[in-house]
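Please look through the structure below before reading on. The paragraphs after it go from strands to a pocket and then to one residue.

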Amino acid sequence: MDGIRPLLPEEHSELAPLYSDDSGPSLVALLSLAKQTTTRVWASWSGSQPVAVAWFTQVEAQAELLDMRVLAAHRRQGV
């Protein structure tokens, strides 16, 4: 399904291609944050593949971007 939506816990394993390099926080570290009630994870999908992901922490009306990744093939396309 194409579009942007919250990532479901059962979809976390599909993020591995976005974390194939060593830059930024690791997927393991981010997944541990996903267990917290203040963490939000949104993904942009192309078919059944996540092509971008953004991790936020949200407390009341404030949010902080923790990490954002876009697959190389989908960069500079306004994903």
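The text below takes the strands, the largest pocket and one histidine in turn.

This is a predicted model, in which local features need pLDDT of at least 70 and side-chain atom pairs count only at pLDDT 80 or more, while totals for chains, interfaces and linings use all residues. Residues are numbered from 1 along each chain as its sequence is written, and side-chain values use heavy atoms, with hydrogens and water left out.

Helices (DSSP runs of H or I, at least four residues) and strands (runs of E, at least two) are numbered from the N terminus. Two strands pair if DSSP finds at least two bridges between them. Strands β1 and β2 pair in the antiparallel sense over 4 bridges, and G3 has W45 in β2 as its bridge partner. Strand β2 also pairs with β3 (residues 49-59), again antiparallel, over 8 bridges; here W42 is bridged to A54 in β3. The hairpin formed by β2 and β3 has 2 residues between the strands, and G47 in the turn has a positive phi of about 65°.

Which strand gives the most to the lining of the largest pocket? Strand β2 (residues 39-46) does, with 4 residues. Lining residues, for this purpose, have an atom within 4 Å of a pocket point on a 1 Å grid, and a pocket is an open set of points where a 1.4 Å probe fits, with protein on both sides within 12 Å along at least five of seven lines. Among the lining residues are H12, L31 and W42.

H12 lies in the loop between β1 (3-6) and α1 (27-33). H12 is buried, with a relative accessible area of 18%, where buried means under 20% with a 1.4 Å probe and protein chains only.

Notes: Buried < 20%, exposed > 50% of the residue type's maximum accessible area, 1.4 Å probe, protein only.
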